[in-house]
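Visitor: I'm new to reading protein structures, and I'd like a close look at one part of this one. Could you start with a single loop and then lead me outward from there?

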Amino acid sequence: MAWEPMHRSNGSCERMATASKDGLVKVWNTRTRACIVTCSGHTDSVECVKWGGEGLFYTASRDRTIKVWTAENGNDIGKLVRTLQGHGHRINTLALSSDYVCRTGPFDHCGSIFGGNNNNNNNNTAAIEAAKKKYQQFKDQQQCERLVSGSDDYTLCLWHPTLDKHPIKRLTGHQQAVNHISFSPDARFFASASFDKKIKIWNGQTGAFLVTLTGHVGAVYRVAWSVDARYLVSASKDSTAKLWEMPLGKRAKETLPGHADEVYALDWSPTGGSVATGSKDRTIKIW
């Protein structure tokens with residue numbers, strides 16, 4: 001699932017997109033509980049959906065394609081813009097350079113309105129303007145919105161999906177399927193997690209390889225960045241999470257033990273104060 005970012009929704013934040021094994025993508029209005037549009041075109045299960053900051057959303061499928069759809073209100077919502085092709089096997093994951101700024105909307109890392117003060121936190125107009133200002137500031141620092149995809153073909157592809165249907169670069173190095181990708185909040189780096197038990201760090205602008213993080217003894221399922229992009233945390237089949245210093249800390253700074261089985265879920269709070277892990281042992285731990 002993916003929510004429409006606040007700066008594109010005039011503060012309503014009531015639309016979300018869902019992906020399904022039936023090959024369909026649906027956009028819903030969560031207030032009215034109505035399906036606004038159904039997007040068809042994929043020929044196999046849709047594994048991932050991302051709602052970007054430029055009025056588009058992106059879907060990745062087992063059919064080896066990524067599709068770009070319009071997300072603006074009106075008759076054109078759900079219209080296919082382009083299909084991105086480049087992988088030789090199913091696509092498991094997508095990451096956008098704008099993920100963090102879209103996720104946090106008008107709030108800064110302290111949970112306050114960006115560029116404002118706490119007295120305005122309940123003012124919806126101030127929140128909308130703050131979200132737009134924050135996204136514009138982020139956009140001014142970037143060439144364009146960037147997308148990275150990870151596949152069972154052991155590779156990643158870097159795209160400029162708002163501009164072109166061809167990959168900018170194909171990234172090789174993993175020796176098994178790529179499970180998850182995550183951009184740092186400032187979009188300077190992205191990390192990829194793989195069944196080969198390794199994490200790789202890449203330049204967020206060019207896709208240049210930087211470093212491989214080794215230490216897990218099982219497949220790595222998820223990665224998440226701290227709000228200041230100085231640390232990365234990873235979750236693994238080996239029942240642990242590990243903390244890494246970025247961007248060049250090749251060995252884990254800390255190991256977070258305690259789970260009795262594989263760690264499938266992971267997230268770092270937008271305020272930076274805590275990490276949550278979810279495991280096959282049926283527990284969630286807060287660190």
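Guide: Let's start at Ala187, which sits in the loop between S13 and strand S14 (189–194). Please keep in mind that what you see is a predicted model. Ala187 is not a glycine, and yet its phi is positive, at about 65 degrees. Is Ala187 buried or exposed? Its relative accessible area is 2%, and the cut-off for buried is under 20%, so Ala187 counts as buried.

Now step back along the chain from this loop into strand S13, which covers residues 178–183. Two of its residues, Ile181 and Phe183, are good places to pause. Both are listed, with Val148, Leu156 and Phe190, as the residues with the most contacts inside the largest nonpolar core. That core has 15 residues. Its elements with two or more residues each are H2, helix H3 (124–140), strand S11 (156–159) and S13. Which of these elements gives the most? S13 does, with three residues. Here is a broader idea to carry with you: nonpolar side chains in soluble globular proteins tend to be buried together.

Take Phe183 by itself for a moment. Setting aside neighbours within four places in sequence, Phe183 is in contact with Ala95, Leu96, Ser97, Arg146, Val148, Phe189, Phe190, Gly204 and Trp225. There is also a second, separate core, made of 14 residues, and among them are Ile199, Ile201, Leu213 and Met246.

S13 has another part to play, and it takes us to the largest pocket. This pocket has a volume of about 950 Å³. It is lined by 40 residues, and those closest to its centre are Lys50, Asp99, Tyr100, Arg103 and Asp267. S13 is one of the elements that supply at least two residues each to the lining, and others include strand S5 (46–51), strand S9 (91–96), strand S17 (220–225) and strand S21 (263–268). The element that gives the most is H2, with five residues. What kinds of residue make up this lining? They divide into 25 nonpolar, nine polar and six charged.

H2 also leads us to a second kind of space, a cavity. The count of cavities of 30 Å³ or more comes to one. The largest cavity holds about 40 Å³ of space. Around it you will find Pro5, Met6, His7, Val101, Cys102, Gly105, Ala131 and Tyr135. H1, H2 and H3 each supply at least two residues of this lining. By type, the cavity's lining residues are six nonpolar, two polar and no charged.

Just before H1 in your walk comes Glu4, in the loop between S1 and helix H1 (6–9). Glu4 has a relative accessible area of 5%, so it is buried. Its side chain makes a polar contact with the side chain of Arg15, at 2.7 Å. Beyond its neighbours within four places in sequence, Glu4 is in contact with Ser9, Cys13, Arg15, Trp51 and Ala71.

Let's move on to strand S18, which spans residues 231–236 and contains Ser236. Because its relative accessibility is 0%, Ser236 counts as buried. A polar atom of the Ser236 side chain lies 3.0 Å from the backbone nitrogen of Asp238. Leaving out neighbours within four places in sequence, the contacts of Ser236 are His216, Gly218, Ala219, Val220, Tyr221, Glu262 and Val263. In the loop between S18 and strand S19 (241–245) you will meet Ser239. Like the alanine where we began, Ser239 has a positive phi without being a glycine, here about 75 degrees.

Our last stop is Thr277, in strand S22 (residues 275–279). With a relative accessible area of 1%, Thr277 is buried. Which side chain makes a polar contact with the side chain of Thr277? It is the side chain of His259, at 2.8 Å. Thr277 is also in contact with Ala241, Val263, Ala265, Leu266, Thr283, Ile284, Lys285 and Trp287, among others, once neighbours within four places in sequence are left aside. Thr277 and Trp287 are ten residues apart in sequence, and their C-alpha atoms are 8.1 Å apart in space.

Key: Residues numbered from 1 in each chain as written. Predicted model: local features only at pLDDT ≥ 70, side-chain atom pairs only at ≥ 80, totals over all residues. Heavy atoms only, no water. Helix = DSSP H or I, 4+ residues; strand = E, 2+ residues; numbered from the N terminus. Buried < 20%, exposed > 50% of the residue type's maximum accessible area, 1.4 Å probe, protein only. Polar contact = N/O pair within 3.5 Å; in protein donor to acceptor, adjacent residues only side chain to side chain. Contact = heavy atoms within 4.5 Å. 1 Å grid on protein atoms, 1.4 Å probe; cavity = no way out; pocket = protein on both sides within 12 Å on 5 of 7 lines; lining within 4 Å. Points joined across faces, edges and corners; volume = space filled by probe spheres on them. Nonpolar A, V, L, I, M, F, W, Y, C, P; charged D, E, K, R; others polar. Core = buried A, V, L, I, M, F, W, Y, C linked by side-chain atoms within 4.5 Å.
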